[in-house]
Amino acid sequence: MSTYVLNLIAVRLLIAALTLLIVSFAVFFATAMLPGDTATILLGQAATPEAVAGLRTAMHLDDPAYLRFLRWLGGFLSGDLGTSYVNNVAVADLIGGRFINTMRLAGITTLFSVPLALTLGITAAMFRGSLYDRAVTILTIGVISIPEFMVATSAVLVFSVYLKWLPALSFANDVTSVWQMLQVYAMPVISLTFVVAAQMIRMTRAAVIDTINTPYVETALLKGASRPRMVLRHALPNAVGPIVNAVALSLSYLVGGVIIVETIFNYPGIAKLMVDGVATRDLPLIQSCAMIFCIGYLSLITLADIIAILANPRLR
Amino acid sequence: MNDRTLNWTPSDDAMVENAIRRGATRRELLHMLLAGGVALTASGAILGRATSAHAATPKSGGHLKAAGWSASTADTLDPAKASLSTDYVRCCALYNRLTFLDKSGVTQMELAESVESSDAKLWTVKLRSGVTFHDGKTLSSQDVVFSLMRHLDPDVGSKVNSIAKQITGVKAVDPLTVEITLANPNADLPTILSMHHFMIVQDGTTDFSKGIGTGAFKLESFEPGVKSVAVKNPNYFKSQGPYIDSFEYFAISDDNARVNALLSGDIHLAASIKPRSMKLVESQPGFVLSQTTSGNYTNLNMRLDMEPGNKADFVTGMKHLINREQIQKSVMRGLAELANDQPVSPASIYYNAELKPKVFDPEKAKFHFEKAGLIGQSIPVVASDAATSSVDMATLVQQAGAEIGMAFDVQRVPSDGYWSNYWLKAPVHFGNINPRPTPDILFSLLYSSDAPWNESQYKSKKFDGMLVEARGLLDQAKRKAIYDEMQVMISEEAGTVIPVFLSNVDALSGNLKGLEANPLGGQMGYAFAEYVWLDA
């Protein structure tokens with residue numbers, strides 16, 4: 001690997017770190033601007049001025065915002081995520097189990113959706129204009145248009161309420177056997193696959209068709225390469241860049257954007273945790289969740305960039 | 001004859017059962033049934049069915065799974081900080097109070113054997129002997145002193161700090177006797193002690209995540225925002241219950257998801273379901289609905305010290321412009337009881353039944369608005385999803401106003417921050433008040449001149465005087481007479497329109513037995529876990 005590529009990658013990583021810092025800053029101050037703080041929200045309607053003042057002092061909320069931000073940043077850099085304002089539990093403990101749950105759900109969905117999407121996208125491009133291509137296109141557009149809460153709720157109604165095949169709730173912690181795991185994950189994974197796979201199929205198809213239209217692929221066809229060989233051997237390597245980017249964008253959604261699926265299946269993941277955090281203005285928790293989402297997003301995008309760089313002979 | 005009439009639904013069953021529990025007479029029930037269009041011949045069978053629901057014998061064993069509707073990382077096992085229904089349910093399972101309210105709203109003893117006073121100022125509490133905490137320690141008066149005094153410490157952040165402030169001292173006389181001194185006489189103390197926040201914890205507790213109390217269940221695991229599991233306490237001091245072996249509680253915030261989980265058999269109880277979902281539950285065999293009306297209400301507040309509420313005719317006009325029956329029937333789909341602009345609910349023993357709701361009369365309202373010179377002006381009304389159903393209620397008022405030439409500008413604002421930014425502040429706005437156990441608490445919180453939540457800025461010297469007078473009276477009949485008059489005063493003079501009391505409906509699977517409605521709230525006043533059992 002050339003030093004040029006290494007430099008390119010180093011710059012990417014540096015930009016990623018800078019983005020993280022900016023995001024943490026923005027999230028912190030955006031949260032600080034929301035009306036009310038943890039003390040008033042915890043006390044709710046019962047907030048009398050004395051009670052709020054007492055609780056604020058007990059929670060160190062009356063320090064200036066920049067001081068709290070620096071304190072949090074210092075802790076974060078040394079690996080300490082801080083303590084939740086709301087219940088005095090270490091944020092790492094709150095996030096721990098739920099982070100694993102989110103990763104597990106994201107992982108299973110990825111294993112399921114990426115091969116499916118790539119196969120469908122590439123074959124649709126290969127047989128462009130055929131009945132098969134049109135069927136795939138109509139289905140994917142249909143799936144994109146149906147909101148996921150609709151898919152998820154209908155799945156629960158059919159499979160849990162009427163057929164009673166699957167549990168309506170997905171308690172990831174109760175899983176002890178493979179069969180149970182299939183039961184618990186079936187519906188959330190299918191609902192999520194609907195959302196993420198549809199995007200990937202569309203993007204893959206478009207990227208491959210773009211490359212097929214270039215003169216050099218036409219030359220490959222003229223020299224007598226079969227259609228599959230033309231697409232897989234000649235066109236695909238040049239379409240990898242856009243495809244991995246599309247895949248990365250879709251998958252980043254699985255880290256932080258699955259709040260609806262988590263809510264409908266009562267799946268204890270990290271997206272719901274962050275919503276709770278915002279509702280109670282629990283800054284250390286919000287910050288840590290935001291960092292996890294941001295790191296997840298950045299690593300996927302950076303990984304996609306690196307793959308695209310490595311796949312491109314001109315940059316290699 | 002078939003004992004099932006065609007237009008009779010399980011929600012009607014729930015309504016009748018609810019009325020029977022509250023002590024409705026047979027005559028009132030027949031009236032209610034006739035109003036519902038049920039033939040007299042059928043009513044006998046219905047009454048028979050409703051009363052027989054409680055005659056079964058409890059069975060022991062089983063794992064109960066129940067779901068509430070609200071959970072967050074702020075879930076706590078510290079009774080002083082309990083704020084969501086899920087917290088109440090967990091605290092009721094793990095701890096006990098000195099007293100509790102039974103299904104008819106009467107105060108009963110729990111950890112206390114007696115709570116007595118001769119002057120309503122110095123109270124003597126005798127504790128039950130031989131009660132032990134989950135860790136084996138014996139309950140003593142020191143625990144009670146600690147549990148009550150901590151509400152006065154601002155660092156604790158107690159939700160009932162303002163109520164607890166009237167306690168000036170708590171003293172352990174001997175291991176089983178406690179003396180409570182109040183700043184001023186208050187005959188309601190035994191009822192106040194039945195509030196969920198006054199659960200008795202162990203002396204010196206700072207870490208509440210273990211949930212060590214004297215309650216019917218011992219905590220096994222607790223993850224805030226996820227779930228809790230508790231197992232039967234074999235040394236429970238009560239002779240009856242708990243019947244179930246273990247109790248798992250969590251929240252499913254989405255209404256549809258909660259109902260679906262119940263219908264698919266994943267849980268035995270789905271708390272507080274919406275009217276929309278009731279039809280779905282009713283259409284499936286093997287499920288029961290339990291309805292409670294406990295005094296929760298959404299009200300329209302007009303500040304009497306600001307335009308346009310400072311014109312008495314505007315306030316009177318609004319009280320006649322609000323269509324209570326329509327709110328009950330179409331907004332709440334029958335899950336409400338008509339109210340008469342005062343906060344004491346029909347479930348309370350102090351409810352003034354003579355005071356009738358004002359009739360919907362747009363012409364009369366128009367007369368008053370004209371007198372106030374407000375016809376043709378646009379009046380802003382602030383509503384939000386934060387106050388249950390207030391947006392729908394505001395729309396009804398707007399429509400009724402349009403017909404008599406009154407323009408209301410309904411401003412729908414976000415839930416987030418509603419209580420600190422709009423409630424109590426906007427000239428005309430909606431509020432939502434949770435049930436409180438005594439008229440004294442409601443009045444001091446909402447209507448006395450110095451009330452912290454005086455929603456309409458109602459100020460009356462006479463009212464304040466009556467409030468203090470009634471508070472110190474140990475004679476219940478005399479207090480009721482005073483409270484009756486105060487309810488009339490609020491209904492006539494204050495700037496608050498309380499159209500209906502909202503009902504709560506819990507849906508249960510048919511094999512969950514023993515759940516009865518309770519005036520402290522749904523899920524049997526949140527204390528159902530130790531009273532229910534699972535039929536095979």
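Where does H8(A) bend, and by about how many degrees?

1. The model is predicted. H8(A) bends at Tyr185(A), by about 45°. A proline, Pro188(A), comes after the bend, within four residues.

2. The span of H8(A) can be set beside that of a straight helix. At 1.5 Å a residue, a straight helix of 35 residues would span 51 Å. Between its end C-alpha atoms, H8(A) spans only 43 Å.

3. Chain A has 13 helices and 0 strands. Read from the N terminus on, its elements are α throughout: α-α-α-α-α-α-α-α-α-α-α-α-α. Taken along the principal axes, the C-alpha atoms of chain A fill a box of roughly 85 × 60 × 35 Å.

4. Chain A contains 316 residues, and 39% of them are buried. Counting contacts in chain A between residues at least 6 apart in sequence, 73% join residues at least 24 apart.

5. The largest nonpolar core holds 213 residues. Ala67(B), Ala270(B), Ala529(B) and Val532(B) touch the most other members of this core. The largest share of the core comes from helix H8 of chain A (residues 178–212), which supplies 16 residues. The bent helix of points 1 and 2 is thus also part of this core.

6. Ala529(B), one of the four residues with the most core neighbours, can be followed further. Leaving aside residues up to four places away in sequence, Ala529(B) touches Leu64(B), Cys92(B), Ala93(B), Ala216(B), Phe217(B), Pro242(B) and Phe247(B).

7. Chain B has an open sheet of 4 strands, in the order S4-S5-S7-S6, with antiparallel pairing. Strand S4 (112–117) and strand S6 (167–174) of chain B are at the edges; each has a single partner strand, so one side of each lacks a neighbour in the sheet. On average, neighbouring strands of this sheet are turned by 20° against each other, direction ignored.

8. Inside the order given above, strand S5 (residues 122–127) and strand S7 (residues 177–182) of chain B run antiparallel and are joined by 5 bridges. Trp123(B) has Ile180(B), in S7(B), as its bridge partner.

9. Helix H5 of chain B (residues 141–149) packs on the sheet. H5 touches S5, S6 and S7 of chain B, and the direction of H5 makes about 170° with that of S6(B). S6(B) is thus both an edge strand and one of the strands that H5 touches.

Technical notes: Residues are numbered from 1 along each chain as its sequence is written. Chains are lettered from A and ligands numbered from 1 in the order in which they are written. This is a predicted model: local features need pLDDT of at least 70, side-chain atom pairs count only at pLDDT 80 or more; totals for chains, interfaces and linings use all residues. A nonpolar core is a set of buried Ala, Val, Leu, Ile, Met, Phe, Trp, Tyr and Cys residues joined through C-beta atoms within 7 Å. A residue is buried if 20 or more other C-beta atoms lie within 10 Å of its own, exposed if 12 or fewer, and partly exposed in between; C-beta atoms are placed from the backbone. Two residues are in contact if their C-beta atoms, placed from the backbone, lie within 7 Å. The expected span of a helix is 1.5 Å times one less than its number of residues. The bend at a residue is the angle between axes fitted to the seven residues ending there and the seven starting there. Two strands pair if DSSP finds at least two bridges between them. Axes are lines fitted to C-alpha atoms, for helices over the stretch in contact, and angles run from 0 to 180 degrees between N-to-C directions.
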